[in-house]
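Student: I would like a close look at one part of this model, the stretch around a residue with an unusual backbone angle, and then at the elements that lie around it. Could you take me through it in one connected account?

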2 protein chains.
Amino acid sequence: MMAVQDSMDVLNGKWKIAILSSICYYNKRRFSDILNDVKGISNKMLSKELKELEINRLVRRTVLDTQPISVLYELTEHGLTLKTLITHLVEWGIQHRKEITKK
Amino acid sequence: MMAVQDSMDVLNGKWKIAILSSICYYNKRRFSDILNDVKGISNKMLSKELKELEINRLVRRTVLDTQPISVLYELTEHGLTLKTLITHLVEWGIQHRKEITKK
């Protein structure tokens, strides 16, 4: 029971899984791209969520010295262990939509 | 991306996964037992969450004509498709705790 709570503490919230999926799908992803991928999230909220994911050692942040500066996010080794879980969530989401929309 | 959001819409919130785990682990579970399993949840909140899970066709509610009346919850066929996902969440939670507590 406690372990489930642990997972959910990290992954909960409206956005975390969506953010991780975006980074996970593309391997490396710029801040502005994640902002595009995750429908409805604000700039400020995305910063906050990414910081929490960083604290939980799930994502790594790299600043590239480009013009303009771009910030790149990728999953850490530990973050990559979420890949199977995310795949499962996606598959289950599709299945659930089918179930709910059928009469 | 959308499918992930779908899953998370259903499973999100502080309690849903914990409630489902409790029912899933015991197959059938009384309201009062779930209340005990899920640390910190209030009576009112548990009712609300269970109702949402019912609407999403994940749990089935049965009222038993005992003295006093007891209310039993079990996963529907559709709810059972979450079993693998929950197992994954538990395993990942254990792994994550190890990762975070190591120096």
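Tutor: The residue to begin with is Asn27(A), which sits in the loop between helix 2 and strand 1 (28–30) of chain A. This is a predicted model, and in it the phi of Asn27(A) is near 70 degrees, a positive value in a residue other than glycine.

On one side of that loop is helix 2 of chain A, and its packing deserves a careful description. Two packed helices are described by the angle between their axes and the distance between the axes. Helix 2 (residues 16–26) of chain A packs with helix 4 (residues 43–55) of chain A at an angle of about 80 degrees, and their axes are 10 Å apart. Because angles of 65 to 115 degrees count as roughly perpendicular, helix 2 of chain A is roughly perpendicular to helix 4 of chain A. From helix 2 of chain A the contact draws on Lys16(A), Ile19(A), Leu20(A) and Ile23(A), while helix 4 of chain A brings Leu46(A), Glu49(A), Leu50(A), Glu52(A) and Leu53(A). Sorted by class, the residues of this contact are six nonpolar, no polar and three charged.

Another residue of helix 2 (residues 16–26) of chain A, Ile17(A), belongs to the lining of the largest cavity, together with Met8(A), Leu11(A), Leu89(A), Met8(B), Leu11(B), Ile17(B) and Leu89(B). This cavity holds about 50 Å³ of space, and a search of the whole structure finds one cavity of 30 Å³ or more. Helix 1 (2–11) of chain A and helix 1 (2–11) of chain B each supply at least two residues of the lining, which by class has eight nonpolar, no polar and no charged residues.

On the other side of the loop that holds Asn27(A) is strand 1 (28–30) of chain A; for strand pairing, I turn to chain B. There, an open sheet of three strands has the order 1-3-2, with antiparallel pairing. Strand 1 (28–30) and strand 2 (59–64) of chain B are the edge strands, each pairing on one side only, and neighbouring strands of this sheet are turned by 30 degrees against each other on average, direction ignored. Strand 1 of chain B is joined by three bridges to strand 3 (residues 70–75) of chain B, the two running antiparallel, and Arg29(B) stands opposite Tyr73(B) in strand 3 of chain B.

The loop between strand 2 and strand 3 of chain B is the place of Pro68(B), and a cis peptide bond with omega of about -5 degrees joins Gln67(B) and Pro68(B).

Note on methods
Residues numbered from 1 in each chain as written. Chains lettered and ligands numbered in written order. Predicted model: local features only at pLDDT ≥ 70, side-chain atom pairs only at ≥ 80, totals over all residues. Heavy atoms only, no water. Axes fitted to C-alpha atoms, helices over the stretch in contact; angles between N-to-C directions. Helix = DSSP H or I, 4+ residues; strand = E, 2+ residues; numbered from the N terminus. Parallel < 35°, antiparallel > 145°, perpendicular 65-115°, else oblique. Contact = heavy atoms within 4.5 Å. Nonpolar A, V, L, I, M, F, W, Y, C, P; charged D, E, K, R; others polar. 1 Å grid on protein atoms, 1.4 Å probe; cavity = no way out; pocket = protein on both sides within 12 Å on 5 of 7 lines; lining within 4 Å. Points joined across faces, edges and corners; volume = space filled by probe spheres on them. Pairing = 2+ DSSP bridges.
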